[in-house]
Amino acid sequence: MTLSIGKALNAALRDAMREDDTVLMFGEDVGALGGVFRVTDGLAAEFGDRCFDTPLAEAGIVGMAVGMAMNGFRPVVEMQFDAFAYPAFEQIASHVAKMRNRTRGAVNLPMVIRVPYAGGIGGVEHHSDSSEAYYAHTPGLKVVTPATVADAYSLLREAIADPDPVVFMEAKKLYWAKDEVSLPVTTAPFGTAEVRREGTDATLVAYGPAVPVALEAAAAAAEDGRSLEVVDLRTLVPFDDSAVAESVRKTGRCVVVAEATGFAGVSAEIAARVQERCFHSLWAPVLRVTGWDVPYPPPVLEKYHLPGVDRVLDTVDRLQWDDVPDPRFLVPEQAT
Amino acid sequence: MATTNRRRPARSAKSSEELLGFYRQMLLVRRFEERTAQAYTEAKIGGYCHLNLGEEATVVGLMAAIEERDYLFTNYRDHGYALIRGMDPGRVMAELYGRQDGVSKGWGGSMHLFDTDVRQLGGYGIVGGQLPLAAGAALAVSYRDGDEVVMCQMGDGTTNIGAFHETLNMASLWDLPIVFVVVNNQLGMGTTVEVSSAEPELYKRASAYRMESARVDGNDVIAVRDAAKLAVERARKEQKPYLLETVSGRLKGHSVVDPAAYRSKDEIEAVRAQDPVAGLHDRLVGDGVAKVDELAEIDAEIGRIVKAAVEFADKSPAPEVSSLFDYTYASPVPNDSRRLPGEALFPTEPGNQPADPLFPVGA
Ligand SMILES: Cc1ncc(C[n+]2csc(CCOP(=O)(O)OP(=O)(O)O)c2C)c(N)n1
Ligand SMILES: [Mg+2]
């Protein structure tokens with residue numbers, strides 16, 4: 001059947017709740033309204049008080065989930081938007097991430113924090129943040145971000161079944177992306193990147209909302225006779241070093257495409273790991289295409305902020321195809 | 001703790017004039033918001049957009065209670081406050097459009113109307129975000145021994161977030177000149193006060209902080225003004241915080257895009273029956289303060305103001321792309337760090353192609 005990512009997430013929640021009655025879903029307006037992106041649509045009707053509305057209290061919501069996870073439940077909580085998870089950040093960074101370690105394994109926290117994230121829907125500040133780096137930077141959390149319909153279903157099922165806390169990041173602009181799928185579907189497990197398009201000349205590493213951009217860029221490059229491979233990370237933590245390195249060793253060039261701001265971002269981590277593992281295979285520096293290092297801009301400027309196909313192709317063009325050192329890769333004093 | 005919910009006796013000529021003035025202001029909010037909804041559906045406004053429809057008496061009554069020297073913080077449902085506080089309707093509309101001539105050059109948008117000239121120090125898009133900030137402003141006033149008061153508006157749902165407790169506690173502990181106003185429109189998005197608040201009579205929460213509080217009919221502009229004035233004067237003279245709850249309704253969805261499917265027909269009818277603008281209209285006519293066609297003339301005049309605001313916004317240009325980096329820091333920080341030396345920021349913009357023939361664009 002043809003399904004959108006939003007509907008696949010809804011199906012994953014429903015199936016998990018049917019199979020295991022310790023799975024609960026709660027958050028702001030997830031009941032009658034079905035969540036602002038309708039991901040919890042119909043769950044309150046089917047499961048009654050196992051899917052419920054909370055007061056407007058993110059720190060309380062996540063903290064309650066911790067307490068429930070310590071006591072035999074598998075709570076799934078929804079943060080309405082990326083920036084609304086920040087009031088809960090203290091709980092996430094100080095308790096969710098550290099509980100198991102602090103108690104030396106006396107408790108696991110099998111809980112999922114669902115975070116709609118990233119931009120591209122004219123959503124303005126607070127409603128468009130790519131906040132994955134905060135979570136990925138915090139040991140103890142798993143960070144997952146599906147880019148396909150099948151992954152949306154399978155990775156959410158896996159997140160709910162996982163013994164560790166998972167920050168499940170749902171790219172807003174992909175909620176309506178559709179694909180053929182038959183449910184239930186099981187895709188590769190956490191920590192496995194997927195090659196979404198094979199290529200030989202350069203590797204585009206992407207995740208979440210950047211995956212369709214990378215694929216579109218690869219299709220456009222193919223028309224110009226350049227063969228780009230696209231790797232979809234799927235989970236940022238755990239990170240699939242070997243799949244990324246294998247691809248870059250094959251192609252010898254790498255561009256990381258991410259929507260988040262670049263400085264100290266996940267994209268920087270990926271670039272560092274690629275050069276650590278693939279230095280002798282690289283024909284050019286690892287480059288990044290990211291959002292600019294500015295607060296998320298208003299809708300009319302959004303298109304300039306988000307890495308689009310043109311910026312990806314332009315960056316690919318800079319990968320020293322003629323094997324001539326690019327003066328722009330030198331520090332300014334050397335260049336003159 | 002007093003519950004003010006009283007009807008006013010027959011009024012003098014002065015109060016008739018005042019009432020007409022309030023009607024004019026309420027109508028400005030009403031027509032501006034209706035036009036805003038239309039502009040949103042025409043895709044001229046992006047992002048999220050929350051209207052004051054149904055809260056006109058509350059907005060106008062509150063703004064009548066504070067003075068020019070006072071400060072105002074609000075949540076994202078802030079257009080009406082900005083208009084009555086004195087921001088130019090054209091510049092407010094341009095801000096909603098995300099245009100260059102908006103009060104924040106288009107970067108704040110609907111939820112973050114900000115203008116130091118009228119001492120409105122922001123709408124805030126994060127629920128509860130404005131609370132500690134407003135208390136901080138009041139603490140600053142207190143340090144300076146100033147005589148300004150801070151008014152901090154919020155919604156009913158906001159009383160459940162942690163910042164509410166933290167802020168009210170400190171405000172009371174430190175005797176800050178601040179009036180917290182809970183605009184109880186009975187819904188936080190689709191969740192009712194009863195579903196989200198263990199003490200649904202929200203003004204009573206102040207007692208946990210030994211703070212004076214009252215509840216007032218938010219559809220009665222005079223009642224709101226009087227109750228707010230009392231609170232403001234108390235804050236000014238006695239340096240004591242105050243919590244005022246106004247009870248009204250939301251005529252439309254939470255934001256322009258919300259069809260509010262979670263509400264029953266009966267609920268919506270009940271809110272409509274309380275429509276503060278229609279209510280004041282009928283009261284003015286009934287009390288013989290104004291004739292129907294006089295009020296229609298005011299409406300026409302407001303219509304012209306709103307039309308001019310839209311025309312102003314329509315003509316205003318989008319912010320320059322190059323302004324993306326302008327205001328992130330006060331001193332130079334190379335936050336366009338993805339750019340390599342000699343490279344255009346936006347190579348795909350016309351005229352920005354890199355000069356270097358080695359690296360043509362789109363080769
Ligand atoms: C911290 C945070 N959580 C969630 C949201 C999403 N959200 C925006 S408005 C709103 C409801 C707020 O209701 P209320 O305080 O009653 O204000 P009203 O919209 O009725 O004016 C919610 C849940 C947000 N903006 N910030
Ligand atoms: Mg409300």
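1. Two strands are taken here to pair if DSSP finds at least two bridges between them. With that in mind, this note goes through a predicted model, beginning with two strands of chain A and the elements around them, and then turning to helices, the contact between chains, the ligand site and chain B.

2. Strand β10(A), residues 202-206, is joined to strand β11(A), residues 228-232, by 5 bridges, and the two run parallel. Within this pairing A:Val205 stands opposite A:Val231 of β11(A). Between the two strands the chain passes through helix α8(A), residues 210-223, and the resulting β-α-β crossover is right-handed.

3. A further neighbour of β10(A) is strand β13(A), residues 254-261, which is parallel to β10(A) and joined to it by 4 bridges. Here A:Val205 has A:Val256 as its bridge partner. A:Val205 is thus a convenient residue from which to inspect both pairings, given its partners A:Val231 in β11(A) and A:Val256 in β13(A).

4. How much of β10(A) is buried? The strand is mostly covered, with 5 of its 5 residues buried. In a regular strand the side chains alternate between the two faces of the sheet. In β10(A) both faces are covered, since A:Ala202, A:Leu204 and A:Ala206 on one side are buried, as are A:Thr203 and A:Val205 on the other.

5. Strand β2(A), residues 23-27, also has 5 of its 5 residues buried, so it is largely enclosed by the rest of the structure. A:Val23, A:Met25 and A:Gly27 point one way from the strand, while A:Leu24 and A:Phe26 point the other way, and all are buried.

6. The pairing of β2(A) involves strand β4(A), residues 74-78, in the parallel sense over 5 bridges, and strand β3(A), residues 51-53, which runs parallel to β2(A) and is joined to it by 3 bridges. For checking the register, A:Phe26 has A:Val77 as its bridge partner in β4(A), whereas the partner of A:Gly27 in β3(A) is A:Asp53.

7. In helix α9(A), residues 241-251, the buried residues are A:Ala243, A:Val244, A:Ser247, A:Val248 and A:Thr251. Because they cover an arc of only 125° around the axis, they lie on the same side of α9(A). An α-helix has 3.6 residues a turn, so residues three or four places apart point the same way. The buried residues of α9(A) pack against β9(A), β10(A), β11(A), β13(A) and α10(A), a list that includes the strands discussed in points 2 and 3. Just after the helix, A:Gly252 takes a positive phi of about 80°.

8. Helix α4(A), residues 89-96, has A:Gln91, A:Ile92 and A:Val96 as its buried residues. Seen down the axis, these residues fall within an arc of 95°, so they line one face of the helix. They pack against α3(A), residues 58-69, α5(A), residues 99-102, and β5(A), residues 112-117.

9. Between the chains, 45 residues of chain A are in contact with 45 residues of chain B. On the side of chain A that touches chain B, β14(A), α11(A), α12(A) and α13(A) each supply at least two residues. By class, that side of chain A has 25 nonpolar, 7 polar and 13 charged residues.

10. Ligand 1 is surrounded by 21 residues, of which the closest are A:Phe84, B:Val127, B:Gly155, B:Gly157 and B:Gly188. Because residues from chains A and B surround the ligand, the site is shared between chains. The shell comprises 7 nonpolar, 10 polar and 4 charged residues.

11. Chain B has 11 helices and 7 strands, and buried residues make up 52% of its 363 residues. Among its contacts with a separation of 6 or more, 72% are between residues 24 or more positions apart.

12. Where in chain B is B:Thr74 found? B:Thr74 is in the loop between β1(B), residues 71-73, and α3(B), residues 79-85. B:Thr74 has 30 other C-beta atoms within 10 Å and is therefore buried, the cut-off being 20 or more. Leaving aside neighbours within four places in sequence, B:Thr74 is in contact with B:Tyr81, B:Gly123, B:Gln130 and B:Gln153. B:Thr74 also lies 6.1 Å from B:Met154, C-alpha to C-alpha, although the two are 80 residues apart in sequence.

Note on methods
Residues are numbered from 1 along each chain as its sequence is written. Chains are lettered from A and ligands numbered from 1 in the order in which they are written. This is a predicted model: local features need pLDDT of at least 70, side-chain atom pairs count only at pLDDT 80 or more; totals for chains, interfaces and linings use all residues. A residue is buried if 20 or more other C-beta atoms lie within 10 Å of its own, exposed if 12 or fewer, and partly exposed in between; C-beta atoms are placed from the backbone. A crossover is right-handed if, with the strands pointing away from the viewer, the path from the first strand over the helix to the second runs clockwise. A residue is near a molecule or strand if its C-beta atom, placed from the backbone, lies within 6 Å of it. Ala, Val, Leu, Ile, Met, Phe, Trp, Tyr, Cys and Pro count as nonpolar, Asp, Glu, Lys and Arg as charged, and the others, Gly among them, as polar. The arc is that of the directions from the helix axis to the C-beta atoms. Two residues are in contact if their C-beta atoms, placed from the backbone, lie within 7 Å.
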